[in-house]
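Hi,

Here is the structure I promised to pass on. Have a look at it first, and then read my notes below.

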Amino acid sequence: MSAERRLFFALSLPAKLQKQVIKWRAECFPQDTGRPVAAANLHITLAFLGEISELKAEALIRVAGRIQAQKFSMHLDDIGHWPGSGVVWIGAKRAPNALLQLASVLRSHAARNGCHQSALPFHPHVSLYRNATRPVAIPPATPQWLLEADAFSLYESTYERGRTRYRCLRTWPLADASAL
Ligand code: 2AM
């Protein structure tokens, strides 16, 4: 039996935005807020696949390559804390339709390929801290960053020497609206 890997589809943040976010995070949150997510790991999950076989991963890579989805931009203008999961996040007050559609297509392909999908509504976000289980003073606003999404990717999550690493396995471009 081949080894299983922990995979997910996500949008990455450009390196410049990653740096801006971690600088702002350091300025706006106390040090004991939780476990900060490393700059290189900042992303928006589109569909979590869990630990899956190579066969399932290949099937999902094939369907992802056939998806025709539009480029979009979104303002990261919302901040929140989910004490249950211990996540402090930034997100969008109004998620673009193109993002919701892309996530919905990926999540339904994932479900059809046997990857359990959460029953909770999809809430696109960038996790900033984990293990934030105590009350957190949420800053009044983000700097209203604009994220321009022109591709989505498949990532593998590994845990080595006490660190979580996300390795990008494949990236697919998003199309100009006029091309669809
Ligand atoms: P999070 O950042 O919102 O916690 C890789 O582990 C990514 O997949 C993380 O970004 C995480 O989202 C998401 N993830 C992990 N476990 C998940 C689960 N059981 N259901 C949905 N998403 C999950």
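Let me start with a loop. Asn131 sits in the stretch that links β7 to β8 (145-149). Its backbone is a bit unusual to look at: the phi of Asn131 is near 55°, a positive value in a residue that is not glycine. Gln144 belongs to the loop between β7 and β8 as well, and Gln144 also has a positive phi, about 60°, without being a glycine. Before you read too much into any of this, keep in mind that the model is predicted.

Now for the ligand. Which residues surround the ligand? You'll find Arg6, Phe8, His43, Thr45, Phe48, His125, Ser127, Arg130 and Tyr166 around it. Sorted by class, that shell is made up of three nonpolar, four polar and two charged residues.

A few polar side chains are worth zooming in on. His43 has a polar side-chain atom 2.6 Å from an oxygen atom of the ligand. For Ser127, a polar side-chain atom is likewise 2.6 Å from a ligand oxygen, and for Thr45 the distance from such an atom to an oxygen of the ligand is 2.9 Å. As for how covered the ligand is, on its own it would expose 470 Å², and the protein buries 67% of that. If you'd rather think in strands, the elements giving two or more residues to the shell are β1 (5-12), β3 (43-52) and β7 (125-130).

And where does the ligand sit? The space it takes up is the largest pocket, whose volume is about 1100 Å³. There are 34 residues lining that pocket, and those closest to its centre are His43, Thr45, His125, Ser127 and Arg130. You've met these five already, as they are listed among the residues around the ligand.

Which elements each supply at least two residues of the pocket lining? They are β1, β2 (35-36), β3, β7, β9 (151-160) and β10 (163-173). The largest share is from β3, with five residues. By class, the lining of the largest pocket splits into 15 nonpolar, 13 polar and six charged residues.

If you open the model, I'd begin at His43, Thr45 and Ser127, where the polar side-chain atoms face ligand oxygens at the distances above, and then follow β3 along the pocket lining.

Cheers

Definitions and conventions. Residues are numbered from 1 along each chain as its sequence is written. This is a predicted model: local features need pLDDT of at least 70, side-chain atom pairs count only at pLDDT 80 or more; totals for chains, interfaces and linings use all residues. Side-chain values use heavy atoms; hydrogens and water are left out. A residue is near a molecule or strand if one of its heavy atoms lies within 4 Å of it. A polar contact is a pair of N or O atoms within 3.5 Å; within protein, one must be able to donate a hydrogen and the other to accept it, and residues adjacent in sequence count only if both atoms are side-chain atoms. Accessible areas come from the Shrake-Rupley method with a 1.4 Å probe; for residues, only the protein chains shown count as cover. On a 1 Å grid over the protein atoms alone, a cavity is a set of points where a 1.4 Å probe fits but cannot get out, and a pocket is an open set with protein on both sides within 12 Å along at least five of seven lines; lining residues have an atom within 4 Å of a point. A molecule sits in a cavity or pocket if more than half of its atoms lie within 2 Å of its grid points. Helices (H or I, at least four residues) and strands (E, at least two) are DSSP runs, numbered from the N terminus. Ala, Val, Leu, Ile, Met, Phe, Trp, Tyr, Cys and Pro count as nonpolar, Asp, Glu, Lys and Arg as charged, and the others, Gly among them, as polar. Grid points are joined across faces, edges and corners, and a volume is the space filled by probe spheres set on the points.
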